[in-house]
Amino acid sequence: MIGASMENYAEQFVSEQQVIIQLAVALLLGALTGLQRGWAAREQKSGERVAGMRTYALVGLLGGIATLLSLKVTAWVLPSTLLAVCIAAVIAYRARMLQMGNYSITGIIGLLLTFSFGALAVAVDITIAATAAVITTIILDNKNEIHSALNRLQEHELDAALKLLLISVVMLPLLPNEDMGLGGMLNPYKIWWMVVLIASISFAGYFAMRVGGTEKGILFTSLFAGLASSTALTLHFSRLARQTPQISALLSSGILLACGTMYLRILLYCAMITPTLLGYLVAPLLVMTLVLYFPALLIWRTYRNGTRVEQPTLNNNPLDLKSALLLGALLTVILLLASVLQQWLGNAGIYVLAAVSGITDVDAITLSLARMSQSGLESRTVLIGIIIASSVNNLMKAGMAVSIGGRAMLLRVALPIVLSLLAGLAVMLPMYSA
C-alpha cells in the first residue's frame, strides 16, 4: 500500500512539474514575440502601443492556461478564451486604426498566434510551439527585408516560383509510386520527382546569380551558372569573347568554372537519388572538377583587372513548365531506350545512349542511370555512362567556345577540358578493372 501510494505521489509530482514547465514555456514564447513587437514600437510612448512585451507574454500564458482548463474542466474554455482575445484585439486595433490610419492586421494575427503557441506548448508539443514562435518572430522582425525582396521580385520570377510549387506540392503527390512499363523501369512518381529535382536546383542557381548581381563578376556568376546551365553560359561568354577580346581570358576562366561545377551538380543528383553511387563517382568527378578549376582560377588571377561583365540571362523564366514536361518525356524515353539497348547490346548499349544524350543534355541521362542503378544496373556501368555523357557534353561546349569565341579559346578552354577527360579516365580505369 505504501509503495503504491509513493508511486502515485511520484507520478503526480512529475505531472505537476511537466505542467509548470509547459506554462513557463508558453510565457517565454509569448515574451519572445512580444520582445520583437515591443522593440519595433520602442519609440512610441507608453499607452500608444496596443500590445507590448508584457501583453504578449501574458497572452502566451493565457493560451497555456486556457488549454489546461479545457483538458481538466470543459472543452469550451479554450475556444471561448480565444474568442475573447480576438474581440479585445479587434477593438483595440480598430481604435488605433481610427487614430493613426494604420490598417495593418499584423498585430492582431501576432496576438492570436501567441495565444496558439501557449496552447501548443501545453496540449501538443513544446518543440513544435517553440519552432513556430521563433519562425513567426523572424518573419515579424524582417518586415523591411521581406517588402524589399517583394519589390525586387519580377513577374516572371513569381510565375516560376508558383510553377515550381505546382509541379512539386500539387502534382507530385498525385502520381502513382509504382513500377510500370518495360522491365518495370517506369515509375511516374520517381520520374516526376527527378524533374522537380532538376527544376529546384536550376531555380536555386538562378536566384543565387540574381541576388549576387554583376558586382561579383565572372567568378561568382560562372560558379552558379554551373548549377543552372553551363551550356547557356558557354554560349553567352563565347559570344562576348568575340565582341570584347580584351576580356577573353576572364571569360574563358568563367566557362571552365561553369563546366567544372556541372560535375558537382551530377554528384548532387546522385547523392539525392542513389547515395551508394557516390563511392564510385566521387573520385573521378572531383578530379575532373579540379582539373578544370585549377586553370580557371589561374587564368582569373593572372588576367583579372577589375573588369565586370553583364550577368548572363540564362533563362527569362527560371522554371518554364513546358520545359519541365519535355524533360519528363525525355527521361521516360531514355529509360525505355536504356532498357532496350541493354537487353540487345549489354552495357555497350548504355554507353552509346550516354554518348548520344550527352551531346545536348547531361542531366537526363545522369538521372536515368541513377534511377536504373536502383533496379540492378551495375554501379561501374553507371559510372562509365555518366563519365561518357558529361565528357561528350563538355567537349561539345569546348567546340562551341572555339568556334564562336575564336582560337584564343583553344588553349584556355578546349585543352583543360580534354585534360579533364583524360584525368577522369585515368582515375576511373583502375576502379573499373578492380
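1. In this predicted model, a useful place to begin is Leu 285, which touches Tyr 263, Ile 266, Leu 267 and Ile 387 when residues up to four places away in sequence are not counted.

2. Leu 285 also belongs to the largest nonpolar core, a set of 51 residues in which Ile 255, Leu 281, Leu 285 and Leu 369 touch the most other members. At least two residues of this core come from each of several helices, including H10 (230-243), H12 (278-303), H14 (347-358), H15 (363-373), H16 (379-405) and H17 (408-433), while H11 gives the largest share, with 14 residues. Apart from this core lies another one, made of 10 residues, among them Tyr 56, Val 59, Ala 66 and Val 77.

3. On the surface, a nonpolar patch is formed by Leu 395, Leu 410, Leu 411, Leu 415, Val 418, Leu 419, Leu 422, Leu 425 and Leu 429, which together have about 780 Å² of accessible area. The largest share of the patch, eight residues, is supplied by H17, the helix in which Val 418 is placed. Is Val 418 buried, exposed or partly exposed? Val 418 counts as partly exposed because its relative accessibility is 36%, and the partly exposed class lies between the buried limit of under 20% and the exposed limit of over 50%.

4. Please look as well at Ser 168, which sits in helix H7 (residues 155-170). A polar atom of the Ser 168 side chain lies 2.6 Å from the backbone oxygen of Leu 164. Ser 168 touches Pro 173 and Val 196 too, again leaving out residues up to four places away in sequence.

How values were computed: Residues are numbered from 1 along each chain as its sequence is written. This is a predicted model: local features need pLDDT of at least 70, side-chain atom pairs count only at pLDDT 80 or more; totals for chains, interfaces and linings use all residues. Side-chain values use heavy atoms; hydrogens and water are left out. A nonpolar core is a set of buried Ala, Val, Leu, Ile, Met, Phe, Trp, Tyr and Cys residues joined through side-chain atoms within 4.5 Å. Buried means under 20% relative accessible area, exposed over 50%, partly exposed in between (1.4 Å probe, protein chains only). Helices (H or I, at least four residues) and strands (E, at least two) are DSSP runs, numbered from the N terminus. Contact means heavy atoms within 4.5 Å. A polar contact is a pair of N or O atoms within 3.5 Å; within protein, one must be able to donate a hydrogen and the other to accept it, and residues adjacent in sequence count only if both atoms are side-chain atoms. Patches are made of residues with over 30% relative accessible area and no salt bridge: like charges are joined within 9 Å, nonpolar side chains (Val, Leu, Ile, Met, Phe, Trp, Tyr) within 5 Å. Accessible areas come from the Shrake-Rupley method with a 1.4 Å probe; for residues, only the protein chains shown count as cover. A salt bridge is a side-chain nitrogen of Lys or Arg within 4 Å of a carboxyl oxygen of Asp or Glu.
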